[in-house]
Amino acid sequence: MLSNLLVRIDLSRKDFSKGQRKIADYIEEHYDSAAFMTAAKLGEEVGVSESTVVRFATQIGYDGFPYLQKAMQEMIRDKLNSVQRIEVTTGRIGDSDVVESVLNQDIDKIRRTIDEVSREDFKKTVNAIINARNIYVFGAKSSSYIANFFAYYLDLIFGNVHILNSTSKTTTYEKLFRISKKDVMIGISFPRYSAMAVDAMSFAHDRGAEVIAITDSMVAPVVKDADEVLLARSDIASVVDTLVAPLSLINALLVAIVIERKEDIKNTFIDLEKENRNKEKARQDSLAKLDSLSGNASKKVYTAADTARFEKAFGGKNFKGLFDRRRRKAKQDGETAKTEEAQ
């Protein structure tokens with residue numbers, strides 16, 4: 001069964017020879033390409049003999065290499081549905097401590113990402129983002145969360161960021177309509193891959209934009225139109241999409257951008273903090289004015305300018321009702337105080 005493939009590898013790993021461990025690592029990381037290789041080709045790719053590949057298949061419980069190949073091909077076709085994910089996860093963890101097991105798997109994904117990410121493409125990506133007129137970030141389904149995270153901080157730094165997370169072609173193409181060679185398109189796509197991500201990357205490539213793919217494999221669909229590819233290990237054999245390594249890679253990109261443009265970014269954040277302080281001061285001043293107006297029960301009118309200023313300071317709230325409520329409360333408090341004095 002498909003759901004047993006990764007579990008079988010994990011359960012048998014301690015008994016593997018050095019050559020078999022190489023095969024196991026290759027299948028776990030490149031099952032999508034290994035699924036269509038012959039035993040001889042897989043052995044050549046890994047650096048072991050064909051007979052070692054055949055023995056590996058029987059070692060993990062298959063009746064020969066063709067059955068192992070079929071399991072890998074089923075894995076590509078199905079991409080592990082939710083029930084299969086649960087089976088694999090429970091099979092991997094068994095009676096082990098859940099916290100330790102899951103966190104160690106995430107640590108392993110980060111370690112593999114450190115080894116595999118192209119430093120050359122990483123540097124090119126940083127420079128492309130810094131020099132872009134506009135930055136477009138695409139991420140749909142589970143990838144939308146890290147795409148939003150990335151876009152949020154890029155927009156704080158540069159202010160020229162467009163986030164795309166819709167699977168609708170109409171919506172996506174409307175947002176990409178003006179993309180050109182002066183812009184950058186960043187496509188974030190992990191299993192299960194978004195077909196719209198592939199279309200968006202292709203559209204941006206045809207318009208001459210710099211296209212950057214952040215994904216988990218060189219055979220991922222978004223790679224074909226990418227100028228730079230950054231690989232980050234994810235784990236489709238999990239109850240949920242494990243995106244710890246991709247998020248760490250994005251964090252590294254943000255840090256590298258800040259280091260590269262340290263002074264400019266410092267000035268940007270100084271201006272942002274100054275603007276926030278001015279907004280807060282205006283808000284506090286308006287609040288004091290509001291209290292003064294609404295606390296005076298004898299004041300029956302307030303100007304349109306007062307209302308506009310308050311609504312701007314407090315995000316468009318309706319202040320007529322608020323004024324009236326505060327006046328009524330102030331009047332009631334005054335009457336209560338007079339009653340208590342009389343008593």
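This section describes the overall make-up of a predicted model and then turns to its salt bridges, selected buried residues and one helix.

The protein chain has 343 residues, of which 43% count as buried. Its secondary structure comprises 15 helices and five strands. The accessible surface amounts to about 18,700 Å², and carbon and sulfur atoms account for 52% of that area. Among contacts between residues at least 6 apart in sequence, 69% join residues that are at least 24 apart.

Eleven salt bridges are found in a search of the whole structure. One of them joins the side chains of Glu28 and Arg112, with an N to O distance of 3.3 Å. This pair links distant parts of the chain, since Glu28 belongs to helix α2 (residues 18-34) and Arg112 to helix α7, 84 residues apart. Both Glu28 and Arg112 are buried. The two residues also take part in a network of salt bridges that includes Arg13, Asp25, Glu29 and Asp108.

A salt bridge is also formed by Arg233 and Glu116, whose closest N and O atoms are 2.8 Å apart. Arg233 lies in the loop between β5 and α12 (244-260) and Glu116 lies in helix α7, so the pair ties together parts of the chain that are 117 residues apart in sequence. The two partners differ in exposure: Arg233 is buried, with a relative accessible area of 8%, whereas Glu116 is partly exposed, with a value of 28%. In a further salt bridge, the side chains of Arg261 and Asp264 meet at 2.9 Å, N to O. Here Arg261 is partly exposed at a relative accessible area of 27%, and Asp264 is likewise partly exposed at 39%.

Arg233 is also approached by Thr113, a residue of helix α7 (residues 98-116). The side chain of Thr113 reaches the backbone nitrogen of Arg233 at 2.9 Å. Thr113 has a relative accessible area of 7% and is therefore buried, the cut-off being under 20%. When neighbours within four places in sequence are left aside, the contacts of Thr113 are with Leu231, Ala232, Arg233 and Ala245.

Leu231 appears again among the contacts of Ser217. Ser217 is located in the loop between β4 and β5 (228-231), and this residue is buried, with a relative accessible area of 5%. Beyond residues up to four places away in sequence, Ser217 touches Asp32, Tyr193 and Val223 as well as Leu231. The C-alpha atoms of Ser217 and Pro191 are separated by 10.0 Å, and the two residues stand 26 residues apart along the chain.

A buried charged residue without a salt bridge is found in helix α8 (residues 119-131), where Asp121 is placed. For Asp121, the nearest side chain of opposite charge is that of Lys124, at 4.8 Å. This distance exceeds the 4 Å limit for a salt bridge, so the pair is not counted as one. With residues up to four places away in sequence not counted, Asp121 touches Glu228, Val229 and Leu230.

Helix α11 (residues 195-206) was examined along its length and at both ends. The helix has twelve residues and reaches 17 Å from its first C-alpha to its last, close to the 16 Å expected at 1.5 Å a residue. At the N-terminal end, α11 is capped by Ser194, of which a side-chain oxygen lies 3.2 Å from the backbone nitrogen of Met196. Just after the helix, Gly208 adopts a positive phi of about 90 degrees.

Met196 is also one of the buried residues of α11, together with Ala197, Val198, Ala200, Met201, Phe203 and Ala204. An α-helix has 3.6 residues a turn, so residues three or four places apart point the same way. The buried residues of α11 pack against three strands and a helix, namely β1 (135-139), β3 (184-188), β4 (210-215) and α10 (169-176).

Conventions: Residues are numbered from 1 along each chain as its sequence is written. This is a predicted model: local features need pLDDT of at least 70, side-chain atom pairs count only at pLDDT 80 or more; totals for chains, interfaces and linings use all residues. Side-chain values use heavy atoms; hydrogens and water are left out. Helices (H or I, at least four residues) and strands (E, at least two) are DSSP runs, numbered from the N terminus. The expected span of a helix is 1.5 Å times one less than its number of residues. Buried means under 20% relative accessible area, exposed over 50%, partly exposed in between (1.4 Å probe, protein chains only). Contact means heavy atoms within 4.5 Å. A polar contact is a pair of N or O atoms within 3.5 Å; within protein, one must be able to donate a hydrogen and the other to accept it, and residues adjacent in sequence count only if both atoms are side-chain atoms. Lys and Arg count as positive and Asp and Glu as negative; His and the chain ends are not counted. Accessible areas come from the Shrake-Rupley method with a 1.4 Å probe; for residues, only the protein chains shown count as cover.
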